[in-house]
Amino acid sequence: MIIDLKHIFVNDNSVLPIEYKLDMSSFEFMGQYPLKKPVTIKGIISNKASLVRLEASIVYTFEAPCDRCGKDTARKHTLTIDKSLAVSIEGEESDTILITPDMKLDLDELLYSETVVSLPMKHLCSEECKGICFKCGKNLNEGECGCCVKEIDPRLSALAELLNDNSDDN
Ligand SMILES: [Zn+2]
Ligand SMILES: [Zn+2]
């Protein structure tokens, strides 16, 4: 959706509430389609003393298997958007300034780009997720599997290698 903001730009103290949903279910991320539910934006665009500002929240639900145990996990993320809108810019471009040369704002493009750059790099069913047993594949959040996994202290194994090297020399 494209919003014409001319009446906001030319009228001091004007306010435009915005509320919009964007379907991003076909967006692929690391082999998954995590945005099954529409991404939403809700907020206001206002003009205060000729400063046009967008203040909004973008909310999306990220659905994908847990990175550690593989369980289907949905997590809600909220982004706070606070940007000044300008028809032109002097100097360098900035993350906090949104250029709308023709006084039109493409909400689809804004929602899409803000969401894509904020997607989580780590997606866990819980911060304490224990993952799966690398021997039998059991989800360790559901209890111990009983596999006898011998853990070798890395410091001891380094020592063992050192001792082996020495004995080879003799
Ligand atoms: Zn997990
Ligand atoms: Zn096991």
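**Exercise 1. Which residue in S4 stands opposite Ile 44?**

Solution. Start with the ground rules. This is a predicted model, where local features need pLDDT of at least 70, side-chain atom pairs count only at pLDDT 80 or more, and totals for chains, interfaces and linings use all residues. Residues are numbered from 1 along each chain as its sequence is written, while chains are lettered from A and ligands numbered from 1 in the order in which they are written.

Step 1. Find the strands. Strands (E, at least two residues) and helices (H or I, at least four) are DSSP runs, numbered from the N terminus. S3 spans residues 39–48 and S4 spans residues 51–65.

Step 2. Check the pairing. Two strands pair if DSSP finds at least two bridges between them. S3 and S4 run antiparallel and are joined by 9 bridges.

Step 3. Read off the partner. Ile 44 faces Glu 55 in S4. Likewise, Lys 42 has Ser 57 as its bridge partner.

Step 4. Look at the turn. This hairpin has 2 residues between its strands, and Ala 49 takes a positive phi near 50°.

**Exercise 2. List the elements of the chain from the N terminus on.**

Solution. Step 1. Count them: the chain has 3 helices and 7 strands.

Step 2. Write the order: β-α-β-β-β-β-β-β-α-α.

**Exercise 3. Trace the open sheet and find its edges.**

Solution. Step 1. Set the order. The sheet has 5 strands, S2-S3-S4-S5-S6, with mixed pairing.

Step 2. Find the edges. S2 and S6 (97–99) each have a single partner strand, so one side of each lacks a neighbour in the sheet.

Step 3. Add the angle. Neighbouring strands are turned by 30° against each other on average, direction ignored. The strand axes are lines fitted to C-alpha atoms, and angles run from 0 to 180 degrees between N-to-C directions.

Step 4. Go through two more pairs. S2 (residues 15–22) runs antiparallel to S3, with 8 bridges. In this pair, Leu 22 stands opposite Val 39, and Lys 21 opposite Thr 40. S4 and S5 (residues 72–86) are also antiparallel, joined by 14 bridges. There, Leu 54 has Lys 83 as its bridge partner. Their hairpin has 6 residues between the strands, and Gly 70 in the turn has a positive phi of about 85°.

**Exercise 4. Which residues touch the most other members of the largest nonpolar core?**

Solution. Step 1. Define burial. A residue is buried if 20 or more other C-beta atoms, placed from the backbone, lie within 10 Å of its own. Buried residues make up 14% of the 170 in the chain.

Step 2. Define the core. It is a set of buried Ala, Val, Leu, Ile, Met, Phe, Trp, Tyr and Cys residues joined through C-beta atoms within 7 Å.

Step 3. Name the residues. Of the 19 in this core, they are Leu 5, Val 39, Ile 45, Ile 58, Tyr 60 and Leu 111.

Step 4. Ask where the core comes from. S3, S4 and helix H2 (107–118) each supply at least two residues. S4 gives the most, with 7.

Definitions and conventions: A residue is buried if 20 or more other C-beta atoms lie within 10 Å of its own, exposed if 12 or fewer, and partly exposed in between; C-beta atoms are placed from the backbone.
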